[in-house]
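Me: Please take a close look at one part of this model, the chain that is built from helices, and at what it packs against. A connected account is enough.

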Amino acid sequence: MITVESVTKTYGGFKAVDDVSFVAQPGRVTGFLGPNGAGKTTTMRIMVGLTVPTHGQVRIGGHLYRDIPNPGRHVGVLLDASAQHAGRTGREILTIAAKTMGLPLSRVDEMLDLVALSDAEAKRRLRNYSLGMKQRLGIAQALLGDPSVLILDEPANGLDPAGIRWMRTLLKGYADRGGTVLLSSHLLNEVELIADEMILIGHGRIVAQGDKKSLLAMDTNVSTLVMSLDNQRLAEALQQKGYTVAPEGEGLRVSCTTEEVGRVALEAQVVLTDLRSGAAGLEDLFLELTSDTQRDVIPQGAPA
Amino acid sequence: MSATTAAPAPIDITGTAPVPMSRLASVELRKALDTRAGRWFTFSILALCLVVLTIYALAAPDTDKDFGDFLGIAGAVLGYFLPILIIMLVTSEQSQRNGLVTFTLEPRRSRVVVAKFIAGIALAAGVMVLAAVIAVLGTVLGTATGGTPDWGLEWNLLFNGFVLANVIGVFIGFAIAMLLMNTPGAIVGYFAYSLILPIAVGILSSLSEGFEKVAPWIEFNTAQTPLFTGDYQPTGEEWAQILVSGIIWLVVPLALGIGRLLRTEFK
């Protein structure tokens, strides 16, 4: 379990992390989401004692990180897969970590197998690694000490689609066995599929947290997208019931639930060909919540 | 919000032993030698010793081919380059950014500093022993080219001129490395300290008699000269000069450097 207790970090006058509190539970994958520069990495660095917070503290399994003896055996950390001596081979990097933690060298081979780095790749120097290979090596290093807590900063960065799927399965299995997994990302779809719980951060502040369902429930504008064989008649029937109807694409957007649209269509005897919730997806929500921290504004009415 | 669950039991850390210092130090020693830069630099220092001593064996007058002469020259070669080996060991944590891993695996940074000191001294000792062996070879070569060497060794030469001077160099390397935390910067800084500073002080001393008297008190290289020249036995006043200039150029930078390393944010 990771407990972040009102952590604030200021650099000069700039608040990189502003009163952040959340809990990452064991047995769950917690996604830490936010645009670039939102304070994800700083928060994670504070967790492992690399950065000293201005206020607040982080407890991992009830302890401050610096009080955990041989922390590699309890907490697996991947902050930056490139932060390694470029002149060392992959195998040597894992060997150093294994020796520090007091692990047998057979563990290095086990981890290389797990992350699917071949023997030849493990003998290459880090400067010749692709970003995806560095990420695999970083994940191997984080898992080396068989920790019960994993803290991974943008672990999917640079992985190919097969690699991302591989990592999802790996982390899911890890959480199912009772481990605590916290992973950050700036890509929602990367996290959406795997995270049981999501923490959304923007501008150093937490803007929303919860599981996918409760996050979606934050969107209070009920709307439905519908297509039918006779949109004209369906629209009239819906308008008679007092709902707002607007054409959207080849169908209609209606201001009520999918159930209600279904009933109206049944009464009006119109055949529906497509019926789904028109609520903003997580991505829209994510962009809306963090909009004041986005660097790029999506121009309105721009061609798709 | 997620359903509130009972607070899970804290992680049990009572069964985990902290990383012992011996393990940290041996890992640091490994890190000094497991990169091409570290390995080849160490190898090059010894190769340079061999070349210099071979040339000396062939070129020096036969009366100056004692073991002590060879050892003194080997020590001088080491004196220039050992600190750079230490600089690379310390600054790579920041320059190559592997400090991120080092200090997450051992968040008690002062222990890593001590481990690096131990590894640095062990490495220096190893190189010194090998250099002494090369000095033996050089002396044998000197015999072959007509010398009748005195194999006797003065304690002062061995301890002051060879060991102490080089250990001081190692610590200087540490201090500069931790202060600058940048490999090229620290190497340039080290050469400025060891080559340019003494020349500047020498020029000033030749211009001003007053400065000449003050120089050994405030310039560490000048103060150390008695360690590896003459009878390798500094006088009481010379020891005092080593102490005073050592505080200025070694103790203060070392303290500031350790303070910086303990506090700096490894990014």
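Reply: In this predicted model, the secondary structure of chain B amounts to ten helices and zero strands. Read from the N terminus, its elements follow the order α-α-α-α-α-α-α-α-α-α. Along the principal axes, the C-alpha atoms of chain B occupy a box of roughly 90 × 50 × 30 Å.

Inside chain B, one helix pair can be followed in detail. Helix 2 (residues 36-59) of chain B and helix 5 (residues 109-144) of chain B have axes that come within 9 Å and cross at roughly 20°. An angle under 35 degrees counts as roughly parallel, so helix 2 of chain B is roughly parallel to helix 5 of chain B. The crossing of these two helices is right-handed. On the side of helix 2 of chain B, the contact is made by B:Thr42, B:Ile45, B:Leu46, B:Cys49, B:Leu50, B:Leu53, B:Thr54, B:Tyr56 and B:Ala57. Helix 5 of chain B contributes B:Val127, B:Leu130, B:Ala131, B:Ile134, B:Ala135, B:Gly138, B:Leu141 and B:Gly142. Sorted by class, this contact has 13 nonpolar, four polar and no charged residues.

Chain B also touches chain A: 34 residues of chain B are in contact with 40 residues of chain A. On the chain A side, helix 2 (residues 90-101) of chain A supplies the largest share, six residues. The chain A residues that touch chain B comprise 15 nonpolar, 17 polar and eight charged.

Helix 2 of chain A packs with helix 1 (residues 21-33) of chain B at an angle of about 165°, and their axes are 9 Å apart. Angles over 145 degrees count as roughly antiparallel, which means that helix 2 of chain A is roughly antiparallel to helix 1 of chain B. This crossing, too, is right-handed. A:Ile96, A:Lys99 and A:Thr100 of helix 2 of chain A meet B:Arg23, B:Leu24, B:Val27, B:Arg30 and B:Lys31 of helix 1 of chain B. By class, the residues of this contact are three nonpolar, one polar and four charged.

The partner chain has strands as well. Chain A is divided into domain 1 (2-211) and domain 2 (224-278), and the C-alpha centres of the two domains lie 46 Å apart. At the start of chain A, strand 1 (residues 2-11) and strand 2 (residues 14-24) run antiparallel and are joined by seven bridges. They form a hairpin with two residues between them, and A:Gly12 in the turn has a positive phi of about 60°. Within this pair, A:Thr3 stands opposite A:Val23 of strand 2.

Further along chain A, four strands form an open antiparallel sheet in the order 11-12-10-13. Its edge strands are strand 11 (245-248) and strand 13 (272-277) of chain A. On average, neighbouring strands of the sheet are turned by 25° against each other, direction ignored. Four bridges connect strand 11 of chain A with strand 12 (residues 251-254) of chain A, and A:Ala246 has A:Arg253 of strand 12 as its bridge partner. Helix 9 (residues 231-240) of chain A lies across strand 10 (224-228), strand 11 and strand 12 of chain A, at about 10° to strand 12. Helix 10 (residues 258-268) of chain A packs on the sheet and touches strand 10, strand 12 and strand 13 of chain A; the direction of helix 10 makes about 160° with that of strand 13.

Key:
Residues are numbered from 1 along each chain as its sequence is written. Chains are lettered from A and ligands numbered from 1 in the order in which they are written. This is a predicted model: local features need pLDDT of at least 70, side-chain atom pairs count only at pLDDT 80 or more; totals for chains, interfaces and linings use all residues. Axes are lines fitted to C-alpha atoms, for helices over the stretch in contact, and angles run from 0 to 180 degrees between N-to-C directions. Angles under 35 degrees count as roughly parallel, over 145 as roughly antiparallel, 65 to 115 as roughly perpendicular and the rest as oblique. A crossing is left-handed if the near helix is turned anticlockwise from the far one by less than a right angle, and right-handed if clockwise. Two residues are in contact if their C-beta atoms, placed from the backbone, lie within 7 Å. Ala, Val, Leu, Ile, Met, Phe, Trp, Tyr, Cys and Pro count as nonpolar, Asp, Glu, Lys and Arg as charged, and the others, Gly among them, as polar. Two strands pair if DSSP finds at least two bridges between them. Domain bounds come from an automatic or database domain assignment.
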